[in-house]
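Me: I am a first-year student and should like a close look at one part of this structure, the opening stretch of the chain and what surrounds it. Please explain each term as you use it.

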Amino acid sequence: MDIASIGGILLAIVGILAGMMIEGGSIGQITQPTAALIVIGGTTGAVMLQFPLKTFLAAVKQAMKIFISSGANGEEVLKQLVGFANKARKSGIVSLDQDLGSVSDPFLKQALMLAIDGTEPSEVRKIMQMELENKAEMEEKIPQVFEAAGGYSPTVGIIGAVLGLIQVMQHLDNINEVGRGIAVAFVATIYGVAMANLICLPAAGKLKIRHREEQMVKEMMLEGVISILEGMNPRMMETKLRTFLLDDN
């Protein structure tokens, strides 16, 4: 659970609502389902037009990473790699074939299988590095979905406000209704700007951090397998791999 993400969004919402209420406003003034429907529906439609459906759905699925880090724990992976190194040093790298069933990460399992099969270290690095790069390229598109939503939502909010003003202009004979209608119309703009700056853009930034953390762990896995294959001393290997965890949270 990411306390910073949860606390951050709650603090932002509470701060804005509290400031509005101090100035004499009320929550009911900005509770407009129609405006929310216009902003959310219009933004979602624009994003789906820009990105393939597969990318859009992948972004929706990975939204939970903003609040929960589901990637591999760096310390646990490091401990597992050191264990593999000790076993390979005593019984040979082929003995690790018995431990493949306990490896849950597909990337680490594939690298170990290549090593066990006698693949040269340079070839293991080349093959797995290509997979890392391909995966990184796909993952870069996920934050772009949220960045695009952050770009579209303020504009869609303005569209909602204009639509509201059009309705207001039809009741110019009642000045009281005009004033209330204008206030309601601009709620869509608030929703659009808030959606961009409190949700979409911060979410994109957090996902970039999450993906980089996962990539660092994958790079550590690859270096660990290469080190085992080259027969590096487990203690030296642990010191080497720990450099990948300096920024790990």
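Reply: **From the first helix outwards**

Helix H1 is followed by Gly24, whose phi is positive, near 100°. The name H1 follows a simple rule: helices (H or I, at least four residues) and strands (E, at least two) are DSSP runs, numbered from the N terminus. The model is a predicted one, in which local features need pLDDT of at least 70 and side-chain atom pairs count only at pLDDT 80 or more, while totals for chains, interfaces and linings use all residues. Residues are numbered from 1 along each chain as its sequence is written, and side-chain values use heavy atoms, with hydrogens and water left out.

H1 itself has 20 residues and reaches 27 Å from its first C-alpha to its last, close to the 28 Å expected at 1.5 Å a residue. The expected span is 1.5 Å times one less than the number of residues in the helix.

Between H1 and H2 the chain forms a loop, and Gln32 lies in that loop. Gln32 is in contact (heavy atoms within 4.5 Å) with Val184, Val187 and Tyr191, leaving aside its neighbours within four places in sequence. Although Gln32 and Val184 are 152 residues apart along the chain, their C-alpha atoms are separated by 7.6 Å.

Helix H2 comes next, covering residues 33-50; its 18 residues reach 26 Å from first C-alpha to last, close to the 26 Å expected at 1.5 Å a residue. Which residues of H2 are buried? They are Ala35, Val39, Thr43 and Val47, where buried means under 20% relative accessible area, exposed over 50% and partly exposed in between (1.4 Å probe, protein chains only). Seen down the axis of H2, these buried residues fall within an arc of 80°, so they line one face of the helix; the arc is that of the directions from the helix axis to the C-beta atoms. A general rule helps here: an α-helix has 3.6 residues a turn, so residues three or four places apart point the same way. On the other side of H2, Pro33, Thr34, Leu37 and Leu49 are exposed.

The buried residues of H2 pack against helix H3 (53-61), helix H7 (141-169) and H9. One residue of H7 is Val168, which counts as buried because its relative accessibility is 7%. Val168 touches Val178, Gly181 and Ile182, not counting residues up to four places away in sequence. The C-alpha atoms of Val168 and Ile182 are separated by 6.7 Å, and the two residues are 14 apart along the chain.

H1, H2, H3, H7 and H9 also share a role in the largest pocket: each supplies at least two residues of its lining. A pocket is found on a 1 Å grid over the protein atoms alone, as an open set of points with protein on both sides within 12 Å along at least five of seven lines; a cavity is a set of points where a 1.4 Å probe fits but cannot get out, and lining residues have an atom within 4 Å of a point. The largest pocket has a volume of about 950 Å³. For such a volume, grid points are joined across faces, edges and corners, and the value is the space filled by probe spheres set on the points.

The largest pocket is lined by 36 residues, and those nearest its centre are Ile9, Ala194, Met195, Leu198 and Ile199. H9 gives the largest share of this lining, 10 residues. By class, the lining has 30 nonpolar, 5 polar and 1 charged residues. Here Ala, Val, Leu, Ile, Met, Phe, Trp, Tyr, Cys and Pro count as nonpolar, Asp, Glu, Lys and Arg as charged, and the others, Gly among them, as polar.

H9 can be followed further. The structure holds 1 cavity of 30 Å³ or more, and the largest cavity has a volume of about 60 Å³. The elements that give two or more residues to its lining are helix H6 (121-139) and helix H9 (187-229). Its lining is made up of Leu132, Lys135, Ala136, Glu139, His211, Glu214, Gln215 and Lys218, which by class are 2 nonpolar, 2 polar and 4 charged residues.

Finally, Ser227 also lies in H9, and it is buried, with a relative accessible area of 0%. Leaving aside neighbours within four places in sequence, Ser227 is in contact with Met232, Met237 and Lys240. From Ser227 to Phe51 the distance is 40 Å, C-alpha to C-alpha, with their positions 176 residues apart in sequence.
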